[in-house]
Amino acid sequence: AALDFAVVAHTHSVTTLVHAISPEGRAAAAEKLAGLPFVMVPYAKPGLPLTREILKRVTSQTRIFVLQNHGLIVGGATVVDVSRTIADVEDRLRLPARLVPQAPDDDTPEGFSWAAESWMAMQSDICERVTSGSYYPDHVVFLGPALPIDNHDGNPPAIAQPGTGILLRDDATPSQRAMLKCLSDVFRRLPDDWWPEPIGVEAEAELLNWDAEKYRQALAERQ
């Protein structure tokens, strides 16, 4: 609402997230998007804090906003205009997805099954990253901060078993399953020499205690 465009689209694009979660990725994005009317926006809590950061950087020419550790905003005069710009950004930022092993076929505890994204726990470097922090807001909102390695009374929807796989609770919601797939999609494309930076425990706490996100979680559970 604060941006002066007829059409504004906001996505949590996988191709954008791969670049937006690390310093190396952000530098690469700046090179790949050279010549386009874009700005890079530092991470801030969604809502008013993020809006303020965006408005500090927008100019009359700006049409593309890469949000660090968050996603993409594109503005324009028409839906077609915005769609074409998004397609251009996606093409420029696209990275190949690495081949990954299938989920294990071992027995699981009652109420769980092995997630298709289990490969993240099988590779030690990736497992360390996905269990030591979270990299964008929706992960925190729907899956909690990072992936736990133990079950607990908070009923985590996904639990990493280092070296083996990821246990997915049978009653996990569609939103939780989608966010686990998103995490896998991002890390399948992350180059080995890019070092992702988590948003940090303070940012996670802000999201978990935010009434707006509690409301969104409640809506998602009804799906």
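Start by selecting R84 and D91: both are exposed, on the side of helix 4 turned away from its buried residues. Keep in mind as you click around that this is a predicted model.

**Stop 1: helix 4**

Now widen the selection to residues 79-93, which is helix 4. This helix has 15 residues and reaches 21 Å from its first C-alpha to its last, close to the 21 Å expected at 1.5 Å a residue. Colour V82, T85, I86, V89, E90 and L93 next; these are the buried residues of helix 4. They sit on the same side of the helix because they cover an arc of only 135 degrees around the axis. The general rule behind such a pattern is that an α-helix has 3.6 residues a turn, so residues three or four places apart point the same way.

What do the buried residues of helix 4 pack against? Show strand 1 (7-11), helix 1 (14-20), helix 2 (23-32), strand 3 (64-67) and strand 4 (71-76), and you have the partners on screen.

**Stop 2: the sheet**

Hide the helices for a moment and look at the strands. Four of them form an open sheet, in the order 1-4-3-2, with mixed pairing. The edges are strand 1 and strand 2, each pairing on one side only. On average, neighbouring strands here are turned by 15 degrees against each other, direction ignored. Bring helix 4 back and you'll see it pack on the sheet, touching strand 1, strand 3 and strand 4. The direction of helix 4 makes about 145 degrees with that of strand 4.

Zoom in on strand 4. Is it mostly covered or mostly open? It is mostly covered, with six of its six residues buried. That goes for both faces: G71, I73 and G75 are buried on one side, and L72, V74 and G76 on the other.

V74 makes a handy anchor for looking at the pairing. Select A9 and you have one residue standing opposite V74; select I64 and you have another. The strand pairs behind those positions are:

- strand 1 with strand 4, antiparallel, over five bridges;
- strand 3 with strand 4, antiparallel, over four bridges.

Strand 3 and strand 4 also form a hairpin, with three residues between them. Click on N69 in that turn: its phi is positive, at about 50 degrees.

**Stop 3: M40 in strand 2**

Move over to strand 2 and pick M40. Draw a distance from its C-alpha to that of Q68: the two are 7.0 Å apart in space, though 28 residues apart in sequence. Beyond its neighbours within four places in sequence, M40 is in contact with R26, A29, R57, V66 and Q68.

**Stop 4: helix 2 and H19**

R26 and A29 lead you to helix 2, where G25, R26, A28 and A29 are buried. Their arc around the axis is only 160 degrees, which puts them on the same side of helix 2. The buried residues of this helix pack against helix 1, strand 2 (38-41) and helix 4.

From there, hop to H19 in helix 1. Is H19 buried or exposed? It counts as buried because its relative accessible area is 1%, against a cut-off of under 20%. Show what surrounds it: leaving out neighbours within four places in sequence, H19 is in contact with G25, R26, A28, A29, K32, L93, L95 and W194.

**Stop 5: the nonpolar cores**

Finish with the largest nonpolar core, which has 31 residues. Which members touch the most others? Select M120, Y136, L147, I166, L180, V186 and F187. The elements giving two or more residues to this core are helix 1, helix 5 (119-122), helix 6 (124-132), helix 7 (137-143), strand 6 (158-161), strand 7 (165-169) and helix 8 (174-189). Helix 8 gives the most, with six residues.

Centre the view on L147. Not counting residues up to four places away in sequence, L147 touches V130, T131, H139, A158, A160, I166, L180 and L183. Apart from the largest core lies another, of 14 residues; its members include L36, I64, L72 and L93. That closes the loop, since L93 is one of the buried residues of helix 4.

Conventions: Residues are numbered from 1 along each chain as its sequence is written. This is a predicted model: local features need pLDDT of at least 70, side-chain atom pairs count only at pLDDT 80 or more; totals for chains, interfaces and linings use all residues. Side-chain values use heavy atoms; hydrogens and water are left out. The expected span of a helix is 1.5 Å times one less than its number of residues. Buried means under 20% relative accessible area, exposed over 50%, partly exposed in between (1.4 Å probe, protein chains only). The arc is that of the directions from the helix axis to the C-beta atoms. Contact means heavy atoms within 4.5 Å. Two strands pair if DSSP finds at least two bridges between them. Axes are lines fitted to C-alpha atoms, for helices over the stretch in contact, and angles run from 0 to 180 degrees between N-to-C directions. A nonpolar core is a set of buried Ala, Val, Leu, Ile, Met, Phe, Trp, Tyr and Cys residues joined through side-chain atoms within 4.5 Å.
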